[in-house]
Amino acid sequence: MTGKPLQIGLAGLGTVGTGVYETLCRNHDLLEARTQISFAVKKVAVHNLSRKREVEIDPALLTDDWHELVNDPEIDIIIELIGGTQTAYQLVRAALLAHKPVVTGNKALLAEFGSELFKLSAETKTPLYFEASCGGGIPIIQSLQNSLICNNVQRIAGIINGTSNYILSSMEKKGVSYADALAAAQRKGYAEADPTLDVNGWDAAHKALILAMLAYGTPVAPENISVYGIERIAAMDFRFAHDLGYTIKLLVVIRHHEENDALELRVQPSFVKKEHLLASVNGVFNAIAVRGDIVGETIFYGRGAGKNPTASAVIGDVMLAMRDCRHPEFHSGFRTYTKQLTVLPQEDTVTPYYVRFLVKDTPGVIATIATEFAKNGIGISGTTSTPHAAEDEDAPTDSNDLVFMLHACPWGKLKQALRAIGESDCIEPHPVVFRIETLNEA
Ligand code: HSE
């Protein structure tokens, strides 16, 4: 083992921070043997010094002032696990300016401030590592940066929010209500401090922006991605999907369109054929399918959230940071390599659709809907319906859920048709819309 031990500053001792600290202690000798670098955790910054900890830790290590980590000349590497974007931003920025490599799992931070922080990382020649920001324990960041480096990435599709996948699987497989499934995901430590981000699609979107940045070479601003969450999914959608041979997943799709060199970027509940591998990804598991021009199709699978899987990803980065500290000339943090990306307008993205309308059971209502679809050149591949009273005894008995399966069409055309359909007095103006994803294209 060479040199004096590297000193680590850990900011945040919540679920993941605790997992990181425990594992660095438990597997300390193994990590030193594998890296041939000795290390120690020198300081841990926490929000509340008097809070009871789930891990045994020497109180002398604790501080409630993160500046102590940045200002300590002996600390070589900083791990940011405090979450949120305000203090985390101050901390990461200060650490990079102090030339201390940073390991973070904070996808919201990277989505909001990634451009600036990666620029600062390049200017200060101080790497910023973020394996834990996407896919929990799945080593997708390193894979995109290193193992798949020779590929032009044609498409990434995946399930990258553990909480929403846990909710969808519990609703589908166990008949658990949406609210109960969300509460269980929170108890298990999968959900964000504010679980709104898990269910409204934005946590997955933050991760998608990171994947797009790695695959295409430059940070992508959040306004470029189209995001829909799982909040409006009902048990009946699973039954309709099942009868039609599908399951429902919150899917991220990033696709490069060669013809106009533009990126399609979206997150949305989607119908996935039961036979596709992604359909069998259940519970907290995530899966990311990456298709490259050289490697072809690959699928990365593992636990997408939770204390230990995320700690595994963080510590992978810490070890990389330690190696880079010994050989800074080769540092492996992200560097922008593309100047500009064109993002396909959402209106131009094309897929088949599932649309469920709540309608008054009056003559002509199907004709009204079908007419608007026809006017916009949208073909109907099938319809089905459930009298509303059969689903919910409290619901009005004169209403129906009408489902339309639509042939592939641009989202702009469908949006136009839905706007016109919503003007009818007999049709609730906000239907449930899912894309039907075809993921096995050549
Ligand atoms: N809340 C996130 C999820 C945690 O459920 O996937 C991991 O990023």
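A residue is counted as buried when its relative accessible area is under 20%. The model shown in these close-up views is predicted.

**View 1. His257 and its surroundings at strand β9.** His257 belongs to strand β9, which comprises residues 246-257. With a relative accessible area of 16%, His257 is buried, because the limit for that class is under 20%. Two acidic side chains make polar contacts with the side chain of His257: that of Glu259 at 3.3 Å and that of Glu264 at 2.6 Å. When neighbours within four places in sequence are set aside, the residues in contact with His257 are Ala262, Glu264 and Leu344. Glu264 thus appears both in the polar contact of 2.6 Å and in this list of contacts.

**View 2. Arg155 in strand β7.** Strand β7 spans residues 153-159 and contains Arg155. The relative accessible area of Arg155 is 1%, and the residue is buried. A polar atom of the Arg155 side chain is placed 3.4 Å from the backbone oxygen of Ala289. The side chain of Arg155 is also joined to the side chain of Glu297 by a polar contact of 3.3 Å.

**View 3. The salt bridge between Arg266 and Glu437.** The side chains of Arg266 and Glu437 form a salt bridge with an N to O distance of 2.5 Å. Arg266 is located in strand β10 (residues 262-273) and Glu437 in the segment after β17 (432-436), so the pair ties together parts that lie 171 residues apart in sequence. Both partners fall in the buried class: Arg266 has a relative accessible area of 1%, and Glu437 has a relative accessibility of 5%.

**View 4. The salt bridge between Glu347 and Lys415.** In this pair the closest N and O atoms of Glu347 and Lys415 are 2.5 Å apart, forming a salt bridge. Glu347 sits in the loop between β13 (342-343) and β14 (350-360), whereas Lys415 is part of helix α15 (residues 411-421); the pair links distant parts of the chain, 68 residues apart. Glu347 is partly exposed at 32% relative accessibility, and Lys415 is likewise partly exposed, with a relative accessible area of 31%.

**View 5. A salt-bridge network and a pair of sequence neighbours.** Lys42, Lys43, Asp72 and Glu74 are joined into one network by salt bridges that share partners. In a separate panel, Lys173 forms a salt bridge with Glu172, with the closest N and O atoms 3.8 Å apart. Lys173 is exposed, its relative accessible area being 52%, while Glu172 is partly exposed at 23% relative accessibility. The count of salt bridges in the model comes to 18.

**View 6. Helix α2 and the elements that cover it.** Helix α2 consists of residues 28-35, and its buried residues are Leu31, Glu32 and Thr35. Seen down the axis of α2, these buried residues fall within an arc of 100°, so they line one face of the helix. Asp29 and Arg34 are exposed on the other side of α2. The cover over the buried residues of α2 includes α1 (15-26), β2 (39-45) and α12 (307-326). Gln36 follows α2 and has a positive phi, near 60°.

**View 7. The two sides of helix α13.** Within helix α13 (residues 365-375), the buried residues are Val365, Ile369, Glu372 and Phe373. They cover an arc of only 100° around the axis, which puts them on the same side of α13. The exposed residues Ala374 and Lys375 are carried on the face turned away from the buried side of α13. After α13 comes Gly377, whose phi is positive, near 70°.

**View 8. A nonpolar surface patch.** Leu277, Ile299 and Tyr301 make a nonpolar surface patch of about 310 Å². Leu277 is placed in the loop between β10 and β11 (285-292). At 57% relative accessibility, Leu277 counts as exposed.

Notes:
Residues are numbered from 1 along each chain as its sequence is written. This is a predicted model: local features need pLDDT of at least 70, side-chain atom pairs count only at pLDDT 80 or more; totals for chains, interfaces and linings use all residues. Side-chain values use heavy atoms; hydrogens and water are left out. Buried means under 20% relative accessible area, exposed over 50%, partly exposed in between (1.4 Å probe, protein chains only). Helices (H or I, at least four residues) and strands (E, at least two) are DSSP runs, numbered from the N terminus. The arc is that of the directions from the helix axis to the C-beta atoms. A polar contact is a pair of N or O atoms within 3.5 Å; within protein, one must be able to donate a hydrogen and the other to accept it, and residues adjacent in sequence count only if both atoms are side-chain atoms. Contact means heavy atoms within 4.5 Å. A salt bridge is a side-chain nitrogen of Lys or Arg within 4 Å of a carboxyl oxygen of Asp or Glu. Patches are made of residues with over 30% relative accessible area and no salt bridge: like charges are joined within 9 Å, nonpolar side chains (Val, Leu, Ile, Met, Phe, Trp, Tyr) within 5 Å. Accessible areas come from the Shrake-Rupley method with a 1.4 Å probe; for residues, only the protein chains shown count as cover.
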